[in-house]
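Biologist: Please take a close look at the pockets of this model. What lines the largest pocket and the second largest pocket, and which elements contribute to each?

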Amino acid sequence: ILLVFHDTERVMWILSQISDIISTVEFNHTGELLATGDKGGRVVIFQREPEVSILQGEYNVYSTFQSHEPEFDYLKSLEIEEKINKIRWLPQQNAAHFLLSTNDKTIKLWKVSERDKRPEGYNLKDEEGRIKDISTVTSLQVPVLKPMDLMVEVSPRRVFANAHTYHVNSISVNSDYETYMSADDLRINLWHLDITDRSFNIVDIKPANMEDLTEVITAAEFHPYHCNLFVYSSSKGTLRLCDMREAALCDKHSKLFEEPEDPSARSFFSEIISSVSDVKFSHSGRYLLTRDYLTAKVWDLNMESKPLETYQVHDYLRSKLCSLYENDCIFDKFECAWNGSDSVIMTGAYNNFFRMFDRNTKRDVTLEASRESSKPRAVLKPRRVCAAGGKRRKDDISVDSLDFTKKILHTAWHPTENIIAIAATNNLYIFQDKLNSEMH
């Protein structure tokens with residue numbers, strides 16, 4: 001795989017000034033814009049330069065704004081972090097762009113627009129915008145629009161608050177482009193984009209007695225075409241497909257996707273590592289991609305009994321589960337992504353590694369996002385991790401030497417092209433991927 005790094009020094013320098021960890025990455029529907037959210041509540045938007053530009057398609061900073069501020073819930077004596085949990089773009093309907101961003105409790109709708117002209121020649125205002133004394137106005141003039149330097153304006157349009165008792169882990173825009181849903185640990189709410197003071201609860205798994213709680217919701221997403229279908233995953237490793245046409249409250253699922261557990265392989269860590277951290281519909285809407293701690297799985301909507309494909313992301317960590325439990329790494333929530341044609345999937349790992357799996361050829365590759373390998377038009381060499389006690393080759397990396405503080409949790413794939421965005425702590429890597437014989 002040939003991976004071309006876009007504008008390495010500039011992008012990395014800008015984001016290295018943001019001391020907080022990147023917490024979400026998301027391309028818009030055309031792939032021309034890329035948004036990142038961080039732990040400090042900031043959103044940074046990158047724009048792809050047009051092909052006619054000297055920069056030839058590189059991504060550069062377009063706008064930066066503060067999305068959320070730290071809050072305090074006085075009724076519950078609870079601090080609410082400003083960290084951005086998710087960002088979702090709305091399809092572009094006019095010259096402006098709209099995106100949703102959420103922290104643990106509050107979802108906001110933002111408008112991103114450009115202004116390159118300013119009005120001049122007001123009758124009742126001077127050049128600095130101050131109101132004139134009416135008695136000094138002796139003639140009337142027609143205000144005119146004059147060119148100015150391009151200015152990107154970001155303004156809040158809606159604030160959706162006070163609907164979640166628990167931490168929001170997912171937001172997903174419906175294919176009708178009028179509604180979206182937000183999910184926390186125990187409930188999923190359906191919102192209308194124009195109504196902020198109420199939402200409809202469509203899933204509620206909270207038991208009457210919290211001591212009977214056996215699982216929580218970990219992720220949720222709408223079907224890309226059918227506005228009545230959505231899926232949510234749980235900490236038990238199950239997926240539930242729901243149809244909003246069947247009932248107003250979708251506590252009874254239409255389909256349950258669950259892989260039978262092998263009793264002989266059960267251990268203390270089985271339930272923890274089987275928890276699904278992310279679920280994504282394929283662009284075709286036929287398949288589901290899920291990520292648990294050790295594997296990525298592809299499910300066919302027509303087959304509930306077992307996954308269609310299972311990919312081992314870092315199976316060499318099975319011998320390290322005890323130490324990973326002690327340092328809390330076993331609870332890390334890795335995301336996953338489809339490429340535009342649904343033929344390749346991507347997900348992150350430790351040591352700033354990320355993995356790609358070709359569904360057609362069944363070939364896979366491990367690559368590293370690092371400063372050393374991020375020179376323009378650099379070719380990233382495949383990396384290989386050697387299990388403890390295994391036979392090592394020259395460039396192999398021992399599992400004992402992996403840095404578990406460097407982890408790729410958040411990834412995104414351009415909707416149509418082979419361009420990927422990798423969030424490594426407080427650095428953003430944007431690669432253009434030209435596939436060659438490595439994956440085919």
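Modeller: What follows describes the two pockets in turn, by volume, lining and contributing elements. The model is predicted, and the values below are computed from it.

The largest pocket holds about 1200 Å³ of space. Its lining comprises 41 residues, and those closest to the centre of the pocket are Lys83, Phe331, Asp332, Lys333 and Leu409. Two or more lining residues come from each of strand S2 (22-27), strand S16 (217-222), helix H2 (270-274) and strand S30 (408-413). Among the elements, S16 provides the largest share of this lining, with 3 residues. Sorted by class, the lining of the largest pocket has 15 nonpolar, 13 polar and 13 charged residues.

The second largest pocket has a volume of about 910 Å³. Here 32 residues form the lining, and Glu26, His29, Glu221, Phe281 and His283 lie nearest the centre. The elements giving two or more residues to this second lining are S2, strand S8 (86-89), strand S12 (170-173), S16, strand S20 (278-281), strand S24 (336-338) and S30. Of these, S2 gives the most, with 4 residues. The class division for the second largest pocket is 16 nonpolar, 10 polar and 6 charged residues.

Taken together, S2, S16 and S30 each give two or more residues to the lining of the largest pocket, and S2, S16 and S30 also do so for the second largest pocket. Helix H2 is listed for the largest pocket, while S8, S12, S20 and S24 are listed for the second largest.

How values were computed
Residues are numbered from 1 along each chain as its sequence is written. This is a predicted model: local features need pLDDT of at least 70, side-chain atom pairs count only at pLDDT 80 or more; totals for chains, interfaces and linings use all residues. Side-chain values use heavy atoms; hydrogens and water are left out. On a 1 Å grid over the protein atoms alone, a cavity is a set of points where a 1.4 Å probe fits but cannot get out, and a pocket is an open set with protein on both sides within 12 Å along at least five of seven lines; lining residues have an atom within 4 Å of a point. Grid points are joined across faces, edges and corners, and a volume is the space filled by probe spheres set on the points. Ala, Val, Leu, Ile, Met, Phe, Trp, Tyr, Cys and Pro count as nonpolar, Asp, Glu, Lys and Arg as charged, and the others, Gly among them, as polar.
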